[in-house]
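Dear colleague,

I am passing on the structure below, together with notes on what I found in it. Please read the notes with the coordinates open beside you.

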Amino acid sequence: MRSLKSLFRREPQYGNRRDPAPTRWGYRYQRLMLTPTFRIGVRFGLPVLFVALVGGIWFGQEDNRATFAKQIDRLKATIQQRPEFMVGAVETEGAEPALAAAIRAFLPETMPVSSFDLDLPEIRTRIRELTAVADATVRVRPGGTLEIAVTQRVPVAVWRYVDGLRLVDAEGVMTGMIAQRSDRADLPLIAGDGAREKIDEALALFAAAAPVAPRIRGLVRMGERRWDLVLDRDQRILLPAENPVQALERVMALDGAEEMLARDIAAVDVRNEDRPTIRLTEQALVRLRRVSENN
């Protein structure tokens with residue numbers, strides 16, 4: 001007969017024992033957790049995703065977006081208006097008073113102004129568009145000074161055109177206008193269509209005519225292909241289209257030897273190198289006829 005203890009002893013139930021092996025999904029999860037990339041993604045990616053989700057919901061409301069934009073603008077203005085970023089003075093170097101006044105028209109009317117509100121490349125571009133400016137640099141110096149350094153074009157001649165008198169530099173660029181010739185009597189005068197485009201040749205001709213410089217009234221471009229050198233007493237030297245400087249040098253040499261231009265000559269025509277001609281004035285022709293009649 002079985003004892004009472006044996007009646008209450010639980011016999012092992014081998015059929016219901018739990019399998020210690022992980023399930024398929026558990027195994028895959030454990031393998032993923034062993035991957036460094038996955039662990040980093042879980043540790044940092046999920047919080048970031050959560051924050052982005054909350055932020056997206058918050059920014060999805062127009063009132064919230066407007067409030068946030070106002071706060072950003074207020075913070076931005078606070079930084080930009082700090083004293084170390086303010087510009088309170090302007091210094092212009094290398095520009096004449098009239099040009100300096102024209103440059104100031106491109107700057108803010110009221111000072112001081114934040115350097116963040118100054119578009120330096122735009123200011124430099126607008127200054128360089130002025131005809132009298134060859135180049136310019138614009139920068140903000142420590143201490144709140146806007147420095148504008150200008151390389152001004154230097155006029156070398158006065159160009160008489162249909163709409164008035166213009167100043168041109170050695171490149172033929174117009175640098176300004178003058179009201180009357182006496183305003184720049186120190187500069188030689190050129191005239192005619194195409195004269196400005198041939199300023200280098202005109203300057204060489206003026207240099208070749210140095211022996212009669214006090215008598216020179218100007219150079220006239222004829223038909224956009226050649227020059228006439230105009231002297232006082234309405235004398236003209238008609239130069240060829242090709243090699244005009246050499247032709248003028250020969251005329252100057254002849255004048256130096258014979259004082260040809262001091263006589264009653266209306267024009268010296270050297271357009272044909274092989275057949276230079278001289279045209280007398282009306283008074284000289286009358287006297288020549290009288291001499292011929294008396295003889």
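For residues 157-271, UniProt has an unreviewed entry that reads "domain: Cell division protein FtsQ/DivIB C-terminal". In this model, which is predicted, the chain over residues 157-271 is 22% helix and 35% strand, and its end C-alpha atoms are 25 Å apart. The domain assignment divides the protein chain into domain 1, covering 83-152, and domain 2, covering 155-294, and the centres of domain 1 and domain 2, taken over C-alpha atoms, are separated by 43 Å.

UniProt also lists residues 40-60, again in an unreviewed entry, as "transmembrane region". The model gives 95% helix and 0% strand for residues 40-60, with 29 Å between the end C-alpha atoms.

There is also a nonpolar patch on the surface, formed by W58, F59, F68 and I72, whose accessible area together is about 370 Å². Helix 3 (36-59) and helix 4 (62-80) are the elements that give two or more residues to this patch. F68, which has its place in helix 4, counts as partly exposed because its relative accessibility is 39%, a value that lies between the 20% bound for buried and the 50% bound for exposed.

Turning to domain 1, strand 4 (residues 133-141) and strand 5 (residues 145-152) pair in the antiparallel sense over eight bridges. Within that pairing, V138 has I148 in strand 5 as its bridge partner. The hairpin made by strand 4 and strand 5 has three residues between the strands, and G143 in this hairpin takes a positive phi near 105°.

As for charged contacts, a search of the whole structure finds 15 salt bridges, and I describe some of them here. One is formed by E91 with R141, where the closest N and O atoms are 3.1 Å apart. This pair links distant parts of the chain, since E91 is in strand 2 (residues 89-93) and R141 is in strand 4, 50 residues apart. Both ends of the contact are partly exposed, E91 with a relative accessible area of 35% and R141 with one of 22%.

A second salt bridge brings together the side chains of D232 and R215, at 2.6 Å from N to O. Here too the pair links distant parts of the chain, 17 residues apart, with D232 in the loop between strand 11 (226-231) and strand 12 (236-238), and R215 in the loop between helix 7 (199-208) and strand 10 (216-222). Are these two residues, D232 and R215, buried or exposed? Both D232 and R215 are buried, which means that each has under 20% relative accessible area. Elsewhere, salt bridges that share partners join E91, R139, R141 and E147 into one network.

A further salt bridge is the one between E197 and R196, with the closest N and O atoms 3.6 Å apart. In this pair, E197 is exposed, because its relative accessible area is 53%, while R196 counts as partly exposed at 22% relative accessibility.

With best regards

How values were computed
Residues are numbered from 1 along each chain as its sequence is written. This is a predicted model: local features need pLDDT of at least 70, side-chain atom pairs count only at pLDDT 80 or more; totals for chains, interfaces and linings use all residues. Side-chain values use heavy atoms; hydrogens and water are left out. Domain bounds come from an automatic or database domain assignment. UniProt positions are given in the numbering used here, feature names are shortened, and annotations may be inferred rather than shown by experiment. Helices (H or I, at least four residues) and strands (E, at least two) are DSSP runs, numbered from the N terminus. Patches are made of residues with over 30% relative accessible area and no salt bridge: like charges are joined within 9 Å, nonpolar side chains (Val, Leu, Ile, Met, Phe, Trp, Tyr) within 5 Å. Accessible areas come from the Shrake-Rupley method with a 1.4 Å probe; for residues, only the protein chains shown count as cover. A salt bridge is a side-chain nitrogen of Lys or Arg within 4 Å of a carboxyl oxygen of Asp or Glu. Buried means under 20% relative accessible area, exposed over 50%, partly exposed in between (1.4 Å probe, protein chains only). Two strands pair if DSSP finds at least two bridges between them.
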